[in-house]
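Hi,

Here is the structure I promised to hand over. Have a look first, and my notes follow below.

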Amino acid sequence: MEQVFTVGFLVAVLAAAIAAGSAILFACLGELLAERSGVLNLGVEGMMLIGALAGVAATLGTGNPWLGAGAAILAGAGMASIHALLAVGLKANQVVSGLALTLFGGGLSAFLGQRYVGLPLPASFGREPVPLLADLPLFGPILFRQDPLVYLSYALVPALWFFVYKTRAGLRLRALGERPEAADAMGIDVDRLRASYVVVGGALAGLGGAAISLGTNPGWTEGMTAGRGWIAVALVIFAGWNPARAALGAWLFGGVEAGQFRLQGAGVDISPFFLGMLPYLFTIVVLVLATRPGARHRLGAPAALGLPYQREERG
Amino acid sequence: MADVLGRWRLERLPSPSRLGAVLVPAASILLALVAGGLIVALAGQNPLAVYGAMLAGALGSRNGLAETLVKTTPLLLTGLGVAVAFRMRLWNIGGEGQFYLGAIVATWIALFGLPDAGGWALVPAMIAAGLLGGALWGLIPGALRAYLGANETIVTLMLNYVAILLADWLVHGPWKDPQAFGFPGTPRFSSAAALPALAPTRVHLGLLFGVTAAAVLWVLFRRTRWGYEIGVMGESDRAARYAGMPTRRTILLVMALSGALCGLAGMSEVAGIGQQLQRNLSPGYGYTAIIVAWVGRLHPGGIVVVAFVLAALLVGGDQIQMSMGLPAAIAPMLQGIVLFFLLGGELLTRYRLVRHPAPSDAAATGAGT
């Protein structure tokens, strides 16, 4: 046991945690924006899968993973616009519409992806150490020897935190999810803005898919997101709808994913099936702790989350 | 609204249109087939040939029809199960996990609980075990929701993964068949544990469980006070409390019943099909159940019809995978599209599209609220 938990081992696990967590992080940040605006989108898993496939297809076509990531963003946004049309524009049930999106995305990606299964990519996002920073003790190997999409996620977290809490647009976003009738009175077009955030959320979920198919596991396999989209949905609650806490949560989940394989590799005798349960049990515990009676407000759930806004019903 | 629909506004109809309640699901399925056909055509396949092969595979022969009935069984039971919860607006998307728990507990009875019992004792014990296992897995999120307010959508979903991993652990570890090669699974149950089947097909007694459950639920929803109450609570929690209905206890009961039906589906799958617990026992029945329930309008009769249609879609998907080399995933893709059209079309039964002469001033009307 002792030689398992060396500094080198921990550094390797933490570095792998951040790499594995980045896909979840992108998707989680996207869902966070949609939910902040008051729209629950359970289609994250489907949007990620379509994003992952679009990334692979575009990279195979152009040889450039950045164009692949762009295609993933567009594909995710396109998928989300279905949810925006149904759940926002037509006021359909958000739970069912999101589930339909996940089913559709899973099926469509498997159908269209059949010809890409197992094809090696001409290029993908490899590790690119940041000059100087990569040589820092401990932090260097953990944070700064990652792939470019991971660096992008580092930038996105503070940017979204600043946007949500410190800008006028962020204030409007929070008003949409908390008191849409007040936002309406301020002259904000509630449905139009909500639809925009759902689409932006989908774009980020698509990018999350590409972080897997062009980053950590290059290439396409059916169902390759393996439930990470669902974890992203749960993490939004864990994060209390706060982008900074979303990063912590995503890396924690990445750590469980990465640590699981490494512990087995190091010969620790815990069934991988039980280790695999940890993220899910952990989510339930966090959810319960965070939503105890009285804790809901502190947690920061948008008051109008999941409720379509209809002016005449509130008049 | 203004920018999504231009000058058109949705106006709520005083009562949902009854004709629409039947026409919309039917039209949704048709339109979904058209849209799915477009995707198939864009992918370079002939949609008519694909649909033809699916239809022939699912319904065109005695064996195909029997396989469709075999797949109708778990879809019907899980669809009814989640519908019970949906009626109360409890989003139990944990049918998959409850299915596995039912299968696991029933397997335990068959292999370790009463391994030497005769069929007349063993099968009822396994039925009870399946109901109990599923009920337990539904009660966990039910209790967390009733007493601690935890969102049941997330908890039921997370418990799906836990249940599947639990089953994986059992079939790879403590319950593994020592003589098995390749596909991980438990040893076969004794022949007393097998549900009677219509030889030479694989259609088994589980189908009867499903039809019976549908009839019982129909009576429950239509003819009992309790069935009425869960509908009221689903519509409005506050109205229910005002009328003195015991919300907490009802949440527990509804989640237990919902889980029990899904657990029965898992039990009838292990006892009716392979007589063993194996990996990937369910190809996502618990998730398809959500569509079955929704497209069936949470009505037991509707659920019977939709379970059969979606089972045919699944069998058709398997068929084209075998005969044309196309992915069976075409089935979930079509299911997703059906739901899209249904959700969109549903609006037509509840709302009417009205054209307004000029866009109203958002700020002025909004300020009055």
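What percentage of the 369 residues of chain B count as buried? The answer is 49%, where buried means that 20 or more other C-beta atoms, placed from the backbone, lie within 10 Å of the residue's own (12 or fewer is exposed, in between is partly exposed).

Before you read on: this is a predicted model, where local features need pLDDT of at least 70 and side-chain atom pairs count only at pLDDT 80 or more, while totals for chains, interfaces and linings use all residues. Residues are numbered from 1 along each chain as its sequence is written, and chains are lettered from A and ligands numbered from 1 in the order in which they are written.

Chain B has 15 helices and two strands (DSSP runs numbered from the N terminus: H or I of at least four residues for helices, E of at least two for strands). Its loop between helix 7 (152-172) and helix 8 (206-223) holds B:Pro200, and the peptide bond leading there from B:Ala199 is cis, with omega near 5°.

Two residues other than glycine caught my eye for a positive phi. A:Leu132 has phi near 65° and sits in the loop between helix 4 and helix 5 (139-143) of chain A. B:Gln275, at about 50°, is in the loop between helix 11 (247-274) and helix 12 (285-295) of chain B. A:Leu132 is exposed because it has 9 C-beta neighbours inside 10 Å, while B:Gln275 has 18 and is therefore partly exposed.

Cheers
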